[in-house]
Amino acid sequence: MSAITSAARISTRIGHAVRRPGRLAQAAAALKRGVVPAVAACLALGALLGSSAAAHAADAPGAALPVVAAENFYGDVVKQIGGAYVNVTSILSNPDQDPHLFEASPKTARALQHARLVVYNGADYDPWMTKLLAAASSSSSSQRAIVVAADLVGKKAGDNPHLWYDPRTMPAVARAVSAALGAADPAHKSVYDANLAAFLSSLKPIDDKVAALRAQYKGQPVTATEPVFGYMSDAIGLDMRNLRFQMATMNDTEASASDIAAFERDLRERRVRVLIYNSQATEALTRRMLGIAQQSKVPALSVTETQPAGVNFQQWMLGQLDALAKALAQK
Ligand SMILES: [Zn+2]
């Protein structure tokens, strides 16, 4: 039930387009100058991982490979494929915060120094990652594999960056992660291969659900305050309306008066079956649209950008698809 709610979590946001170079530059400069002493870096990474022993163990032969994922859903996929042989630090992991407000810190930079594998989204979702990696060209960088989801699915800056909602993305990321782990740790390649096969087949219920929704609801009009669920909506074949409004919200630019009016009309006249909103980014205009949807009895579906605690990627996606099915079934 929790997925269909009113705007329970209210937060302000600055938006995709905003850059905060100050702390990033500071973190990058710290890395470049090498002012982070190795022991301090290990202790800091240890704190991230929950124990300093874990960080030091990573230096020992045969120990778990240190991996950094910019977003926790990619971190989850690495864990599902690497199992006990990886030590994953996910940087964005709080579903109550807006990822677009994230500022890279020296702590982020230090975690990257140790990583043998780095996974991030790209398509300008996490531009701090490219900058930190460019700065972190230490001796360990020759050993570091990098997987960029956007590159795997042919997306770039300016495209909708919420790539993990595209059913084609995670299989590609999982294959790349499995290959990178197998190359970094050939002794366990057969484990990574087997875990990859298990992961790929575990996605089948998601694909089946998408196909079932498509069969029943293809062409149905829906709207959203932001394009976070856009790729999934496309996969189902929903008629997603008010795209200009969504891009304006995402980029924190002002939607035009006529775009706002069109959105409100869609809700008031119940021209859409569902209003999808991002519960991690609910500024004034989003709350206003939620209010109109409620008055007009248009079901609202809350989605998150970041994977919630206590569920894996597959459960998260299935839960949201189930909630969508319920919302679409309402009259
Ligand atoms: Zn977003």
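Helices and strands here are DSSP runs, with at least four residues for a helix and at least two for a strand, numbered from the N terminus. The exercises below concern a predicted model.

**Exercise 1. Determine where Tyr85 lies, whether Tyr85 is buried, exposed or partly exposed, and which residues Tyr85 contacts beyond its neighbours within four places in sequence.**

Solution. Begin with the secondary structure: Tyr85 belongs to the loop between helix H4 (72–82) and strand E2 (86–92). Next, count the C-beta neighbours inside 10 Å, of which Tyr85 has 19. Since a residue is buried at 20 or more and exposed at 12 or fewer, Tyr85 is partly exposed. Finally, setting aside the neighbours within four places in sequence, the contacts of Tyr85 are Ala64, Leu65, Asp185, His188 and Val191. One of these, His188, is 103 residues away along the chain, and its C-alpha atom is separated from that of Tyr85 by 8.1 Å.

**Exercise 2. Describe the unit made by E1, H4 and E2, giving its handedness and the burial of H4 and E2.**

Solution. First consider the strands: E1 (residues 65–71) and E2 run parallel and are joined by six bridges, with Pro66 standing opposite Asn87 in E2. Adding the helix, E1, H4 and E2 form a β-α-β unit that is right-handed. Turning to burial, H4 is largely enclosed by the rest of the structure, because 10 of its 11 residues are buried; among them are Phe73, Tyr74, Val77, Val78 and Ile81. E2 is mostly covered as well, with seven of its seven residues buried. After H4 comes Gly83, which has a positive phi near 55 degrees.

**Exercise 3. Follow the parallel pairing from E1 through E3 to E4, and state how the side chains of E3 are arranged.**

Solution. Start from E1, which pairs with E3 in the parallel sense over three bridges, Val68 having Val118 of E3 as its bridge partner. Then pass to the pairing of E3 with strand E4 (residues 145–148), which is again parallel and involves four bridges; here Tyr120 stands opposite Val148 in E4. Within strand E3 (residues 117–120), Leu117 and Val119 point one way, whereas Val118 and Tyr120 point the other way, and all of these residues are buried.

**Exercise 4. Identify the residues with the most contacts inside the largest nonpolar core, and say which helix gives that core its largest share.**

Solution. The largest nonpolar core comprises 80 residues, and the most contacts inside it belong to Val77, Val78, Val119, Val173, Val177 and Leu275. Its largest share, eight residues, is supplied by helix H8 (residues 169–184). At least three residues of this core come from each of domain 1 (21–202) and domain 2 (204–329). To examine one of the core residues more closely, take Leu275: apart from residues up to four places away in sequence, Leu275 touches Thr223, Leu267, Met289, Ala293, Val298 and Ala300.

**Exercise 5. Find which residues of H6 are buried, and explain why they lie on the same side of H6.**

Solution. In helix H6 (residues 127–135), the buried residues are Trp128, Met129, Leu132 and Leu133. These residues are on the same side of H6 because they cover an arc of only 130 degrees around the axis.

**Exercise 6. Summarise the whole protein by its secondary-structure elements, its buried fraction and the sequence range of its contacts.**

Solution. The protein contains 15 helices and eight strands, and buried residues make up 44% of its 331 residues. Among contacts with a separation of 6 or more, 69% are between residues 24 or more positions apart.

Key
Residues numbered from 1 in each chain as written. Predicted model: local features only at pLDDT ≥ 70, side-chain atom pairs only at ≥ 80, totals over all residues. Contact = placed C-beta atoms within 7 Å. Pairing = 2+ DSSP bridges. Right-handed = clockwise from strand over helix to strand, strands pointing away. Core = buried A, V, L, I, M, F, W, Y, C linked by C-beta atoms within 7 Å. Domains from an automatic or database assignment. Arc of directions from axis to C-beta.
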